[in-house]
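Trainee: Could we go through this structure together, beginning with its pockets and ending with the chain as a whole?

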Amino acid sequence: MLLKLKPADIAGLSRNLEEFRRQITTATRDPRFLNSVGALLVSRGKQNLEDGAAGGKAYVTLKPATRRDKQRRGYSLKPLQRTGLMRRSLGHEIPGGELQLTGIDIIKHHQYGAPRAGIPKREIYTIENDDIQDIQGFLERSLKRNALLQ
């Protein structure tokens with residue numbers, strides 16, 4: 001079977017897609033949506049630090065000297081765990097309708113890696129597959145709240 005579309009059909013589809021894009025933009029700017037996503041990502045970041053891994057991959061192991069020092073002081077031997085300051089610093093803000101993940105300054109060096117400083121990449125803030133499903137749920141609720149989805 002061959003389906004033929006007329007220019008008027010395509011124009012209508014284009015208008016519908018543009019309206020849907022506008023609705024998605026509105027829903028994703030909703031502070032409640034942004035707050036839900038921020039809380040989810042902060043929770044994931046704390047879990048990553050606790051697990052010593054992100055995305056199913058363990059963090060790069062500590063150098064022997066660092067391990068000895070942490071062991072001597074009675075700290076956890078997992079990377080990025082010493083006093084708990086990093087974990088406690090994780091948070092999010094929504095200034096001007098934009099989600100920003102926050103934490104102590106050193107986090108950015110671990111998140112992206114800083115080879116010249118000898119800091120390997122150890123991602124803290126990540127989005128895992130099950131997070132995507134949660135975010136889709138947040139989006140559906142935001143669309144419904146904004147009367148954009150029936």
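Mentor: The model is a predicted one, and a good place to begin is its largest pocket, which holds about 410 Å³ of space.

Trainee: Which elements give two or more residues to the lining of the largest pocket?

Mentor: The lining of this pocket comprises 21 residues, and Leu62, Thr66, Leu80, His110 and Arg122 are those nearest its centre. By class, 10 of the lining residues are nonpolar, seven are polar and four are charged. The elements that contribute two or more residues to this lining are helix H3 (64-73) and helix H4 (85-89).

Trainee: Which element supplies the largest share of the lining of the second largest pocket?

Mentor: The second largest pocket has a volume of about 160 Å³, and among its lining residues are Leu101, Ile107, Gln111 and Tyr125. Its lining divides into five nonpolar, three polar and two charged residues. Two elements give two or more residues to it, strand E4 (100-102) and helix H5 (107-112), and the largest share, four residues, comes from H5.

Trainee: What radius of gyration does the chain have, set against that of a compact globule of 150 residues?

Mentor: The chain contains six helices and four strands, and its C-alpha trace spans about 75 × 35 × 25 Å along the principal axes. For a compact globule of 150 residues one would expect a radius of gyration near 15 Å, whereas the chain has 22 Å.

Trainee: What percentage of the residues of the chain count as buried?

Mentor: The chain exposes about 10,400 Å², of which carbon and sulfur atoms supply 53%. With buried taken as under 20% relative accessible area, the share of the 150 residues that count as buried is 31%.

Notes. Residues are numbered from 1 along each chain as its sequence is written. This is a predicted model: local features need pLDDT of at least 70, side-chain atom pairs count only at pLDDT 80 or more; totals for chains, interfaces and linings use all residues. Side-chain values use heavy atoms; hydrogens and water are left out. On a 1 Å grid over the protein atoms alone, a cavity is a set of points where a 1.4 Å probe fits but cannot get out, and a pocket is an open set with protein on both sides within 12 Å along at least five of seven lines; lining residues have an atom within 4 Å of a point. Grid points are joined across faces, edges and corners, and a volume is the space filled by probe spheres set on the points. Ala, Val, Leu, Ile, Met, Phe, Trp, Tyr, Cys and Pro count as nonpolar, Asp, Glu, Lys and Arg as charged, and the others, Gly among them, as polar. The radius of gyration is taken over C-alpha atoms; the globule rule is 2.2 Å times the number of residues to the power 0.38. Buried means under 20% relative accessible area, exposed over 50%, partly exposed in between (1.4 Å probe, protein chains only). Accessible areas come from the Shrake-Rupley method with a 1.4 Å probe; for residues, only the protein chains shown count as cover.
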